[in-house]
Amino acid sequence: VTAGGSAVVETLFPGAPHEMVTVYTVDKGDLVLTHYCAEGNQPHMKAVRGGGANAIEFKFDGGGNIKSSKDGHMHEATFSFKDTDHVTTTWLFYRDGKAGESKEFVLVRLKS
């Protein structure tokens, strides 16, 4: 958590050549994210309103260094909350204007 509690920063693959950062914040009442991708672009996504109680779905809403919808970029992300210790995230990559590869990450809180 950073910026006086107004943003959450997530680092994927820290220290790896393909390290990426995603910043989550609220903009004009909408939950949004900007994903700083190893592809060299910065897709911006907005949470879909009215989703289920245990999931947040984000949809593409523009971004930096993306000239057209045919450029490869992360286009959607879904966060599913099983319980307070388990979150599954699914990221959907678009290329040539259509859905491509999907990546899933299962996050588990370590017990101390």
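Which residue of S3 stands opposite aspartate 27? It is aspartate 30, and the views below start from that pair. This is a predicted model, where local features need pLDDT of at least 70, side-chain atom pairs count only at pLDDT 80 or more, and totals for chains, interfaces and linings use all residues. Residues are numbered from 1 along each chain as its sequence is written, and side-chain values use heavy atoms, with hydrogens and water left out.

**View 1. Strands S2 and S3 form a hairpin.** Strands here are DSSP runs (E, at least two residues), numbered from the N terminus. S2 (residues 20–27) runs antiparallel to S3, joined by seven bridges; strands pair if DSSP finds at least two bridges between them. Two residues separate the strands, and lysine 28 in the turn has a positive phi of about 50 degrees.

**View 2. S3 (residues 30–36) is largely enclosed by the rest of the structure, because five of its seven residues are buried.** Buried means under 20% relative accessible area with a 1.4 Å probe, protein chains only. S3 also pairs with S4 in the antiparallel sense, over three bridges. Look for leucine 33, whose bridge partner in S4 is methionine 45. Five residues lie between S3 and S4 in their hairpin, and glycine 40 in the turn has a positive phi of about 90 degrees.

**View 3. Tyrosine 24 and its contacts.** Leaving aside residues up to four places away in sequence, tyrosine 24 touches Ser6, Ala7, Val8, Glu10, Val32, Leu33, Phe58, Phe79 and Trp91. Contact means heavy atoms within 4.5 Å.

Technical notes. Buried < 20%, exposed > 50% of the residue type's maximum accessible area, 1.4 Å probe, protein only. Helix = DSSP H or I, 4+ residues; strand = E, 2+ residues; numbered from the N terminus.
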